[in-house]
Amino acid sequence: MKANSKALFSLIFLGLCISLLGCGESKKDDSKQAPVDSADSLTDYSTALRAKETAYSKRQTNGYGELLNNISFEVRTDDKKEFANGLIPWASIENPESEISKLVDANKIVIPEKKVTIVIDYPLAKEFRFDAESKIGFTRAQLLRDISRAYYKIYEEEERTATTKTIPAEKRTTTYNRNHTNGTYGIWGHDIADLVLAEVLVYKESGVKIILSLNIES
């Protein structure tokens, strides 16, 4: 009986030791890990942002076909200190109507074709394409309005579909830039207020389709 009791005690003691060792192990909680380019980490996010900006500047557009034209967007200004020639070399995406009255050659038809496909890829992880139509061809004013409307729809859908929401500007403690959200388009780095249209590049794809690539600055 004593031998059996001793064996039973040994088994119970061994079980307690194993249990205590198990309690000392920490489990990894993946649900609490931050995204790679979360705005919570200034160093990581700044590095990721620079990489994205570099990739955008080096993107290839020659796959769109034959380059036909470059359309610049310049806005008249009285600020000769900042802009010596009195021209701002871009137009606002956020508020185009405030620019159109001062936009150089705003109502001149710069694309005679009646239908074009516009590619928006900045600052998006997934590009967006849409068709625009005009009975008389496209002026700078119409292009600016169409592009602005498309950007508003993109940002609205991104916010609606993202589970990682945009951090409001006043609550950004580590960086001024917009955090990378995970909605339909994966917008990163910039609010719509940051974006300006500097140039539209006109391509002809397969001798028929007109593709517009945008030079967006921020």
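**Entry 1: terms and overall layout**

I take helices as DSSP runs of H or I with at least four residues, and strands as runs of E with at least two, numbered from the N terminus. I use this first on aspartate 146 and arginine 149: they are 3 residues apart in helix α4, so about one helical turn separates them. I note that the model is a predicted one.

I looked up the secondary structure and found 4 helices and 10 strands in the protein chain. Along the sequence I read the order as α-α-β-β-β-β-α-β-β-β-β-α-β-β.

I then looked up the totals. The protein chain has 218 residues, and 39% of them count as buried. Its accessible surface is about 13,400 Å², with 54% belonging to carbon and sulfur atoms. For contacts between residues at least 6 apart in sequence, I noted that 62% join residues at least 24 apart.

**Entry 2: helix α4**

I checked the length of α4, which covers residues 140–161. With 22 residues at 1.5 Å a residue, the helix should span 32 Å, and the end C-alpha atoms are 32 Å apart, so the two values agree.

Which residues of α4 are buried? I list Arg140, Ala141, Leu143, Leu144, Asp146, Ile147, Ser148, Ala150, Tyr151, Ile154, Tyr155 and Glu158. The list includes charged side chains, among them Asp146 and Glu158. I followed up Asp146 in the next entry.

**Entry 3: salt bridges**

How many salt bridges does a search of the whole structure find? I get 5. I wrote up three of them.

The first one I opened joins arginine 59 to aspartate 121, with the closest N and O atoms 3.1 Å apart. Arginine 59 sits in the loop between α2 (42–57) and β1 (66–72), and aspartate 121 in the loop between β6 (115–120) and β7 (128–133), so this pair ties together parts that are 62 residues apart in sequence. I have arginine 59 as partly exposed, at 27% relative accessible area. Aspartate 121 is buried, at 16%, because buried means under 20%.

Next I looked at aspartate 146 and arginine 149, whose side chains meet in a salt bridge of 2.5 Å, N to O. Are the two partners buried or exposed? Aspartate 146 is buried, with a relative accessible area of 11%. Arginine 149 is partly exposed, with 45%.

The third is glutamate 127 with arginine 129, at 2.7 Å from N to O. Glutamate 127 counts as partly exposed at 35% relative accessibility. Arginine 129 is also partly exposed, with a relative accessible area of 37%.

**Entry 4: threonine 181**

Where is threonine 181 placed? I find it in the loop between α4 and β9 (196–205). Its relative accessible area is 1%, so it counts as buried.

I looked up its side-chain partner: a polar contact of 3.0 Å joins threonine 181 to the side chain of arginine 178. Leaving aside residues up to four places away in sequence, threonine 181 touches Glu158, Ala162, Thr164, Lys165, Thr166, Gly186 and Ile187. One of these, Glu158, is on my list of buried residues in α4.

**Entry 5: aromatic rings**

I counted 6 aromatic pairs. Tyrosine 64 and tyrosine 203 have ring centres 5.6 Å apart and planes at 75 degrees; planes over 60 degrees apart count as edge-to-face, so I filed the pair under that heading. This pair links distant parts of the chain, with tyrosine 64 in the loop between α2 and β1 and tyrosine 203 in strand β9, 139 residues apart. Tyrosine 64 counts as buried at 10% relative accessibility. Tyrosine 203 is buried as well, at 5%.

I then opened phenylalanine 128 and tyrosine 185, which form an edge-to-face pair at 5.7 Å centre to centre, with 85 degrees between the planes. Here too the pair links distant parts: phenylalanine 128 is in strand β7 and tyrosine 185 in the loop between α4 and β9, 57 residues apart. I have tyrosine 185 as buried, at 8% relative accessibility.

Last, I noted that Tyr56, Tyr122 and Trp188 form one aromatic cluster.

Notes: Residues numbered from 1 in each chain as written. Predicted model: local features only at pLDDT ≥ 70, side-chain atom pairs only at ≥ 80, totals over all residues. Heavy atoms only, no water. Expected span 1.5 Å × (residues − 1). Buried < 20%, exposed > 50% of the residue type's maximum accessible area, 1.4 Å probe, protein only. Salt bridge = Lys/Arg side-chain N within 4 Å of Asp/Glu carboxyl O. Polar contact = N/O pair within 3.5 Å; in protein donor to acceptor, adjacent residues only side chain to side chain. Contact = heavy atoms within 4.5 Å. Areas by Shrake-Rupley, 256 points an atom, 1.4 Å probe, with all protein chains shown as cover. Phe/Tyr/Trp six-rings, centres within 6.5 Å; stacked < 30°, edge-to-face > 60°.
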